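Me: I am new to this structure and would like to understand the reasoning behind the terms used for it. Please take my questions one at a time.

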Amino acid sequence: MSERLQTIFAPLAQANGLANEHYTDPQVHDIEKRALFFDTWAGLSVASEIPEIGDAKPISFLGMPLLIIRDKAGNVRVFQNICRHRGMILVSKAQRIEGAIRCPYHSWCYSSEGRLITTPHVGGPGKNAHPEVDKAALGLIEVRSHIWRDVIFINISGDAPPFETVHKHLIKRWKDFDQPMFQGGENSKFTINVKCNWKLAVENYCESYHLPWVHPGLNAYSRLEDHYHIEEAGLYSGQGTNFYRQFEGDGGYKFPSFNKLGKKWGDSAEYITVFPNVLMACQKDHAWSAVLNPISNELTTEDINIYYASPTTNEEMREANKKQWKDIFIEDILVVEGMQLGRNCTGFDGGRFSPAMDGPTHLFHSWVANKLLNNKSLRP
Ligand code: FES
Ligand SMILES: [Fe+2]
């Protein structure tokens, strides 16, 4: 694999993309799990999914059962969703936990901060303690997490540099948007399942090249020539437009803009992938995030949430805006699923990149290749 990966680093005009096995082979998917997700800051969910203290939600991520919970102090925490006794799954459906997290098997109980509190009959009938069972050492296994723009990012290996260090460039780029934003409720979220490897969703998001043919409606007012590439090697890539048209309702209603945005954001909007798996958008009157959850090497769930500058925006307009974006995400399904099928053709060599249009996609491939080649657990 490593020799083939080196070819990704050829100049854009000569490079081939990632080989078929990165999309079709479950064993390669397993390797990528560790190198691209466990060792980095990957998107898991959004904090607004668990708004109140005690709210808990189980999520399976790359086959690993995790639990997000808002603890008593109001902090979001992520735990491996297993009991330290015999490894039983602790929480199987979203719920508000009033007291403790109780294991359904033998009733060991944990606090929302993950401390093991009670161990009934662990020392024999009627004896709730045993000198060899040290509760202090048997808390839930916490996964390092960081929230940015409502997205819960996790570093499963625990040894990545801090999120703010890894993404300081992007945080600075979007500093104007570092202000309160409000998830618009049920009519501002949707989920889409796509039968493709998660990387194809990223690759498609990185480029504007496909707009005229896949999104003719969008292209009618935000044309190909209005777009620019966003390329920060080793960090992130995507595209932006210099002609952002604000969504407008029948009576001329517009969503309020975020406060004190710089001049650039009057007409511009940006669409960036925070590697590996979070698609983000910043526009003057709303933002969104799409967290990709790879269910398998050829199945991906996309969870989209839309955010506004005010907690009280027009409900019908939010519904209409959600429909607009959902339609665009649905338009993309045909091509990402088509590319996935195409990767079963033995003659496909990873394809070529347009030297003018595919720089951001090539940058993502280089990020993948680099992470795989440098992963400590994969080095011979
Ligand atoms: S497995 Fe949880 S209490 Fe036994
Ligand atoms: Fe698209």
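Me: What makes helix α6 and helix α9 oblique to each other?
Reply: In this predicted model, α6 (residues 198-206) and α9 (residues 315-342) pack at an angle of about 130 degrees, their axes being 9 Å apart. Angles over 145 count as roughly antiparallel and those from 65 to 115 as roughly perpendicular; the angle of about 130 degrees belongs to neither range, and the two helices are therefore oblique. Their crossing is right-handed.

Me: Which residues make the contact between α6 and α9?
Reply: Helix α6 contributes L200, A201 and N204, while α9 contributes D332, V335, V336, M339 and Q340. By class, five of these residues are nonpolar, two are polar and one is charged.

Me: Why is N155 called buried?
Reply: A residue needs 20 or more other C-beta atoms within 10 Å to be buried. N155 has 22 such neighbours, so it counts as buried. N155 lies in strand β10 (residues 151-155). Leaving aside neighbours within four places in sequence, its contacts are T40, W41, R144 and A160. The C-alpha atoms of N155 and W41 are 4.8 Å apart, although 114 residues separate the two along the chain.

Me: How do you know that β4 and β9 pair?
Reply: At least two bridges are required for pairing, and β4 (residues 76-80) and β9 (residues 142-148) are joined over two bridges, in the antiparallel sense. F79 stands opposite E142 in β9.

Me: What makes β1 and β5 edge strands?
Reply: The open sheet has seven strands, in the antiparallel order β1-β10-β9-β4-β3-β2-β5. Strands β1 (42-46) and β5 (95-96) each pair on one side only, and they are its edge strands.

Notes:
Residues are numbered from 1 along each chain as its sequence is written. Chains are lettered from A and ligands numbered from 1 in the order in which they are written. This is a predicted model: local features need pLDDT of at least 70, side-chain atom pairs count only at pLDDT 80 or more; totals for chains, interfaces and linings use all residues. Helices (H or I, at least four residues) and strands (E, at least two) are DSSP runs, numbered from the N terminus. A residue is buried if 20 or more other C-beta atoms lie within 10 Å of its own, exposed if 12 or fewer, and partly exposed in between; C-beta atoms are placed from the backbone. Two residues are in contact if their C-beta atoms, placed from the backbone, lie within 7 Å. Axes are lines fitted to C-alpha atoms, for helices over the stretch in contact, and angles run from 0 to 180 degrees between N-to-C directions. Angles under 35 degrees count as roughly parallel, over 145 as roughly antiparallel, 65 to 115 as roughly perpendicular and the rest as oblique. A crossing is left-handed if the near helix is turned anticlockwise from the far one by less than a right angle, and right-handed if clockwise. Ala, Val, Leu, Ile, Met, Phe, Trp, Tyr, Cys and Pro count as nonpolar, Asp, Glu, Lys and Arg as charged, and the others, Gly among them, as polar.
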